[in-house]
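Hello,

Here is the structure I promised to pass on. Please open it alongside this email, and you can follow my notes residue by residue.

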Amino acid sequence: MKPFRHLLFFLFGFAALSAAHAQFNVQVSIKEHLYVLHEPLIATVNVTNNSGRDVRLEDTEQYQWFGFRIMSVGGENSMVPPRGAANGVNYRLAPLVVHAGETVRRSVNLNELYELGDLGIYSIKAEIYCAELDKFFSSRPVDMELTEGRKIWTGVVGVPEGIENHGKMHVFTLLKHQRGEGNLLFLRVEDQDDGSIFCTYPIARLVEGAKPEFQFDSSNNFYVLQLVGEKAYVLSKISVNGKFLGQTNYSAEKSRPSLRKLSNGALQLVGGKRDDQTAPAPGSGGPARLSDRPPGLPTGNTGLSSGLR
């Protein structure tokens, strides 16, 4: 879809919003109120067909049938533009028949679709256009805030030969951010020259007073070892290009485990026993499994699923 169609959707579509919301009920939700800048921002949209008949939702020449309206709150209250085809995003949904009384759901990473690159508070609405009814339907707004978190450490490494982006310099930054009653450790990877963001991951829960240990291996993959509970540790591995490569649990009864670099450049964990249990879930001690590297399509659910609610 071309950028001007996005603009038409928001500029003209919003003026045409109907008060007859009983025909379609649109709801949007996000998990948190406070996010670190550039981390995956997952919005889940539920659309319920209350029209009493089956309805086909599809794009027209003027409007896209599924989208969002995101406004920055404060100052000029400006609208956040979509990234658009010029930035490599060609975000389209196939036509969908929503049966009478049916609810369909979609989850998307808003960071991949919209220019959410500034700190501040934002108001988010989900909107659909129904061509058969020639009406727009929107959700109630939800608010969220983008913050930077507190920087713990920054390092710069080169991308080795034979690897994508070889010759480039990448910046690794560890951030601390409070979420709920505790703190999470975040990792951001970006290009030193143009500032493009490869990822911003919440890696694991950060225990107060327990400093994480981190090192690069010979290929400049990044390893982070941190305490996440009583005698419990998590080792996370992220590639030089910001791809999450896995996470392993360890336990240590007597002393704290540590990372040791071998003569061949590989890393070895010393003093810990590997635990075969699944690593903690994202947000409660594990990494986000979605990259927010712009531009691109959502790496989460790419379709609409249906079910009774």
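**What I found**

His-38 is a good place to start: this residue sits in the loop between strand S2 (34-36) and S3. Please keep in mind that the model is predicted. The phi of His-38 is near 80°, a positive value in a residue other than glycine. Is His-38 buried or exposed? Its relative accessibility is 19%, and buried means under 20%, so His-38 counts as buried.

**Around Arg-188 and His-177**

His-38 is also one of the residues touched by Arg-188, which lies in strand S13 (residues 182-191). Arg-188 has a relative accessibility of 5% and therefore counts as buried. Its side chain reaches the backbone oxygen of Leu-37 at 2.5 Å. Leaving out residues up to four places away in sequence, Arg-188 touches Val-36, Leu-37 and His-38, then Glu-148, and also Val-171, Phe-172, Thr-173, Leu-175, Ile-197, Cys-199 and Thr-200.

Val-36 turns up again in the surroundings of His-177. His-177 belongs to strand S12 (residues 169-179) and, at 5% relative accessibility, is buried as well. Apart from neighbours within four places in sequence, the contacts of His-177 are Leu-34, Val-36, Thr-147, Gly-182, Asn-183, Leu-184 and Phe-186.

**The nonpolar cores**

Next, the packing. The largest nonpolar core contains 35 residues, and Phe-24, Phe-68, Ile-70, Leu-110, Leu-116 and Met-144 have the most contacts inside it. At least two residues of this core come from each of S1 (24-30), S3 (42-49), S4 (55-57), S5 (66-73), S7 (103-109), S8 (120-130) and S10 (142-147), which are strands, and from helix H2 (110-113). S8 gives the most, with five residues.

If you want one residue to centre your view on, try Leu-116. Not counting residues up to four places away in sequence, Leu-116 touches Leu-37, Leu-41, Ile-70, Val-80, Leu-110, Met-144 and Leu-146, as well as Arg-83, Asn-111 and Tyr-122.

There is also a second, separate core, made of 21 residues. Among them are Leu-185, Cys-199, Tyr-201 and Ile-238. Cys-199 is also in the list of residues that Arg-188 touches.

**Strands S15, S16 and S17**

Which hairpins does S16 form, and with which strands? One is with S15, with five residues between the two strands, and another is with S17, with two residues between the strands.

S15 and S16 pair in the antiparallel sense over four bridges, and Glu-213 stands opposite Leu-225 in S16. Asn-220 lies in the loop between strand S15 (213-216) and strand S16 (222-229). Although Asn-220 is not a glycine, its phi is positive, at about 65°. With 18% relative accessibility, Asn-220 counts as buried.

S16 and strand S17 (residues 232-238) are antiparallel too, pairing over seven bridges, with Tyr-223 opposite Lys-237 in S17. In this second hairpin, Lys-231 takes a positive phi near 60°.

Why is S16 described as largely enclosed by the rest of the structure? Seven of its eight residues are buried, so the strand is largely enclosed.

Happy to go through any of this with you on screen.

Best wishes

Methods:
Residues are numbered from 1 along each chain as its sequence is written. This is a predicted model: local features need pLDDT of at least 70, side-chain atom pairs count only at pLDDT 80 or more; totals for chains, interfaces and linings use all residues. Side-chain values use heavy atoms; hydrogens and water are left out. A nonpolar core is a set of buried Ala, Val, Leu, Ile, Met, Phe, Trp, Tyr and Cys residues joined through side-chain atoms within 4.5 Å. Buried means under 20% relative accessible area, exposed over 50%, partly exposed in between (1.4 Å probe, protein chains only). Contact means heavy atoms within 4.5 Å. A polar contact is a pair of N or O atoms within 3.5 Å; within protein, one must be able to donate a hydrogen and the other to accept it, and residues adjacent in sequence count only if both atoms are side-chain atoms. Two strands pair if DSSP finds at least two bridges between them.
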